[in-house]
Amino acid sequence: MKKILHLTIFLALVAAIAGAALGIANSLTAPVIARNELEAEKDNLKVLYPDVPDEAFEQVEKDVSDTIQKIFKVEGKGYVFKMKVTGYKEGTTFLVALDDKGTVIDYVGISNGDTSGLGTQVLDAPFRESLKGKDATSDEILNDTISGATLSSKPVLEGIKEAAQYQADKLK
């Protein structure tokens with residue numbers, strides 16, 4: 001009985017030391033990991049804001065919802081949302097820049113796994129240009145679907161509206 005008690009105490013002590021060591025390692029590496037993730041995203045962010053210095057981008061939130069993957073604050077400009085929406089097949093990953101009023105400053109598609117030629121139109125310049133200047137807080141943005149690619153473009157538009165709503169509710 002005495003041996004079991006000693007082994008139990010020893011095991012608890014080893015587990016506590018290991019847990020503390022992992023906690024310390026996590027606290028030391030978390031800022032480095034966050035900085036590296038931001039560096040990886042900067043190429044895409046620079047497409048939206050090519051004239052903004054790198055230090056003006058700051059990741060403020062991550063994994064907000066199934067759709068909103070990351071949120072970046074852009075000093076003096078507004079926010080950039082990294083979104084992933086499901087479409088006809090695999091869906092679309094994109095960035096949308098919104099000003100403080102919820103107006104779309106710019107949009108850039110990163111990847112799309114939907115039907116080539118139709119669904120992939122959400123990555124093309126005409127769709128991008130059609131979104132610039134639109135009020136993302138209004139339901140009118142949902143009317144800008146691409147004919148023949150509704151199942152790909154509608155989730156993108158709904159995602160942009162979700163980002164604008166999140167910004168209005170949580171980021172002011």
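This is a walk through a predicted model, one selection at a time.

**Stop 1: the long helix**

Start by selecting residues 2–48, which make up helix α1. At 1.5 Å a residue, its 47 residues should span 69 Å, and the end C-alpha atoms sit 67 Å apart, so the expected and modelled values agree. Now put the view on Lys42: α1 bends there by about 45 degrees.

Show side chains for Leu38, Glu41, Lys42, Leu45 and Leu48, which are buried residues of α1. What do the buried residues of α1 pack against? Add β1 (57–62), β2 (68–74), β3 (78–85), β4 and β5 to the selection and you have the answer. The helix lies across those five strands, β1, β2, β3, β4 and β5, and runs at about 120 degrees to β5.

**Stop 2: the sheet as a whole**

Hide the helix for a moment and look at the strands. Five of them form an open sheet, in the order β1-β2-β3-β4-β5, with antiparallel pairing. Which strands are at the edges? Those are β1 and β5, each of which pairs on one side only. Ignoring direction, neighbouring strands of this sheet are turned against each other by 20 degrees on average.

**Stop 3: across the sheet, pair by pair**

Begin with β1 and β2, an antiparallel pair with five bridges. Select Lys62 and Lys70 together: Lys62 stands opposite Lys70, which is in β2.

Move on to β2 and β3, where six bridges hold the antiparallel pairing. Val74 has Gly78 in β3 as its bridge partner. These two strands form a hairpin with three residues between them, and in the turn Gly76 has a positive phi of about 75 degrees.

Next come β3 and β4, which run antiparallel and are joined by seven bridges. Two residue pairs are worth labelling here. Phe81 has Val96 in β4 as its bridge partner, and Lys84 stands opposite Thr93, also in β4.

Finish with β4 and β5, again antiparallel and joined by seven bridges. Pick Thr92 and its bridge partner in β5, Asn112. The hairpin of β4 and β5 has five residues between the strands, and Gly102 in this hairpin takes a positive phi near 90 degrees.

**Stop 4: the covered strands**

Colour by relative accessible area and go back to β3. Seven of its eight residues are buried, so β3 is largely enclosed by the rest of the structure.

How many residues of β4 are buried? Seven of its seven are, so to speak, out of sight: β4 is mostly covered. Turn the strand over and check both faces. On one side Thr92, Phe94, Val96 and Leu98 are buried, and on the other Thr93, Leu95 and Ala97 are buried.

**Stop 5: Val80**

Zoom in on Val80, which has its place in strand β3. Is Val80 buried or exposed? It is buried, with a relative accessible area of 0%. Leaving aside neighbours within four places in sequence, select what Val80 is in contact with: Leu45, Leu48, Tyr49, Lys70, Ile71, Phe72, Val74, Leu95, Val96 and Ala97. Two of those names, Leu45 and Leu48, are also among the buried residues of α1.

For a distance check, draw a line from Val80 to Glu162. The two are 82 residues apart in sequence and 13 Å apart in space, C-alpha to C-alpha.

**Stop 6: the aromatic cluster**

For the last selection, take Phe94, Tyr107 and Phe127, which ring pairs link into a cluster. The count of aromatic pairs comes to two, with ring centres within 6.5 Å as the cut-off.

Look at Phe94 and Tyr107 to begin with. Their ring centres are 5.4 Å apart and their planes are at 45 degrees, so this pair is tilted. Phe94 is in strand β4 (residues 92–98) and Tyr107 in strand β5 (residues 104–112), 13 residues apart, and the pair links distant parts of the chain. Both of these residues, Phe94 and Tyr107, are buried.

Then shift to Tyr107 and Phe127. Here the ring centres are 5.5 Å apart with the planes at 85 degrees, so the pair is edge-to-face. Because Tyr107 lies in strand β5 and Phe127 in helix α2 (residues 125–131), the pair ties together parts that are 20 residues apart in sequence. Tyr107 and Phe127 are both buried.

Conventions
Residues are numbered from 1 along each chain as its sequence is written. This is a predicted model: local features need pLDDT of at least 70, side-chain atom pairs count only at pLDDT 80 or more; totals for chains, interfaces and linings use all residues. Side-chain values use heavy atoms; hydrogens and water are left out. Rings of Phe, Tyr and Trp (its six-membered ring) pair if their centres lie within 6.5 Å; planes under 30 degrees apart count as stacked, over 60 as edge-to-face and the rest as tilted. Helices (H or I, at least four residues) and strands (E, at least two) are DSSP runs, numbered from the N terminus. Buried means under 20% relative accessible area, exposed over 50%, partly exposed in between (1.4 Å probe, protein chains only). The expected span of a helix is 1.5 Å times one less than its number of residues. The bend at a residue is the angle between axes fitted to the seven residues ending there and the seven starting there. Contact means heavy atoms within 4.5 Å. Two strands pair if DSSP finds at least two bridges between them. Axes are lines fitted to C-alpha atoms, for helices over the stretch in contact, and angles run from 0 to 180 degrees between N-to-C directions.
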